[in-house]
Amino acid sequence: MGKSDIKKNRIIKLVVIFTLCFMVIGLSVAYATLSATLNISGNATAKGGTWSVGFVNTPSASVPYNNAFCVVTNGSAVINTQPTVSNSTVSGFKVTLTKPGDEVKCKFDIKNNGTLGATLNSRVVSPVGSLTYTGTSTTKIADETLVKNNLIFTATGTNTTVGNTYAANSGTGAEELTIGYSSAATSVPTNDVEISGFSLNLGFVQS
């Protein structure tokens, strides 16, 4: 190959290289010009509302309650202290059971006063075995066991099955507790036994 041929090849190579560069640049420009902008816009309003599901702080007027939260329904039980009821808590009630068959019932109404619907998503009642029994004197253990084996504590609900709904501003329900000493018991404790830990927990979520 002569010098003229080498020079010619160099020129061709340069031409080819520059041509490719221009082609790449040209493609880049072409793709850059094929573009578009898409926009989505709008507005939203977070509407105000109230969440108010709770206990009704006035007792039932129906029989046998007659405007009391707790009443003696059998035997010679005594209601020492009526409960204090707030929107979310029932507390402070105290009863005394003296013999087999004694029974006290307490009723607590529930209402949704808010503008948001509610759903009951949990309901837990403390079992008799989980309560705390505190006896005294040398008969402490025997007395505690006797009372534990004969104590009655149940909760019967109206519209309190998990999954039930409470409509806004109107949904209602109720819980009725029964505390008693079994009528089948053949004896009572020698000394007093204090019982604590009664609980019923209801959990609500927005519908």
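Is Val188 buried, exposed or partly exposed? Val188 is partly exposed, with a relative accessible area of 38%. That value falls in the middle class because buried means under 20% and exposed means over 50%.

## The chain as a whole

The model is predicted. Its chain has 207 residues, and 24% of them count as buried. The secondary structure consists of 2 helices and 14 strands.

Among contacts in the chain with a separation of 6 or more, 75% are between residues 24 or more positions apart. The accessible surface of the chain comes to about 13,200 Å². Carbon and sulfur atoms account for 57% of that surface.

## Val188

Val188 sits in a loop, with strand S12 (172–181) on one side in sequence and strand S13 (194–196) on the other. Leaving out residues up to four places away in sequence, Val188 touches Thr98, Lys99, Pro100, Leu146 and Tyr181.

Leu97 can be used to set sequence distance beside spatial distance. Val188 and Leu97 are 91 residues apart in sequence, and their C-alpha atoms are 9.9 Å apart in space.

## Asp102

Asp102 also has its place in a loop, between strand S6 (94–96) and strand S7. Is Asp102 buried or exposed? Its relative accessibility is 1%, so Asp102 counts as buried, the limit for this class being under 20%.

The side chain of Asp102 reaches the backbone nitrogen of Ser76 at 2.8 Å. Ser76 is also one of the residues in contact with Asp102 when neighbours within four places in sequence are left aside. The others in that list are Asn74, Gly75, Ala77, Leu97, Ile179, Gly180 and Tyr181. Tyr181 thus appears among the contacts of Asp102 and among those of Val188.

## Aromatic rings

How many aromatic pairs does a search of the whole structure find? The search finds 4 aromatic pairs. One of the pairs is formed by Phe55 and Phe108, whose ring centres are 6.4 Å apart with 70° between the planes. This pair is edge-to-face, because an angle over 60 degrees is placed in that class.

Which parts of the chain does this pair tie together? Phe55 lies in strand S1 (residues 53–55) and Phe108 lies in strand S7 (residues 103–112), so the pair links parts that are 53 residues apart in sequence. Both Phe55 and Phe108 are buried. Together with Phe69, Phe55 and Phe108 form one aromatic cluster.

Technical notes
Residues numbered from 1 in each chain as written. Predicted model: local features only at pLDDT ≥ 70, side-chain atom pairs only at ≥ 80, totals over all residues. Heavy atoms only, no water. Phe/Tyr/Trp six-rings, centres within 6.5 Å; stacked < 30°, edge-to-face > 60°. Helix = DSSP H or I, 4+ residues; strand = E, 2+ residues; numbered from the N terminus. Buried < 20%, exposed > 50% of the residue type's maximum accessible area, 1.4 Å probe, protein only. Contact = heavy atoms within 4.5 Å. Areas by Shrake-Rupley, 256 points an atom, 1.4 Å probe, with all protein chains shown as cover. Polar contact = N/O pair within 3.5 Å; in protein donor to acceptor, adjacent residues only side chain to side chain.
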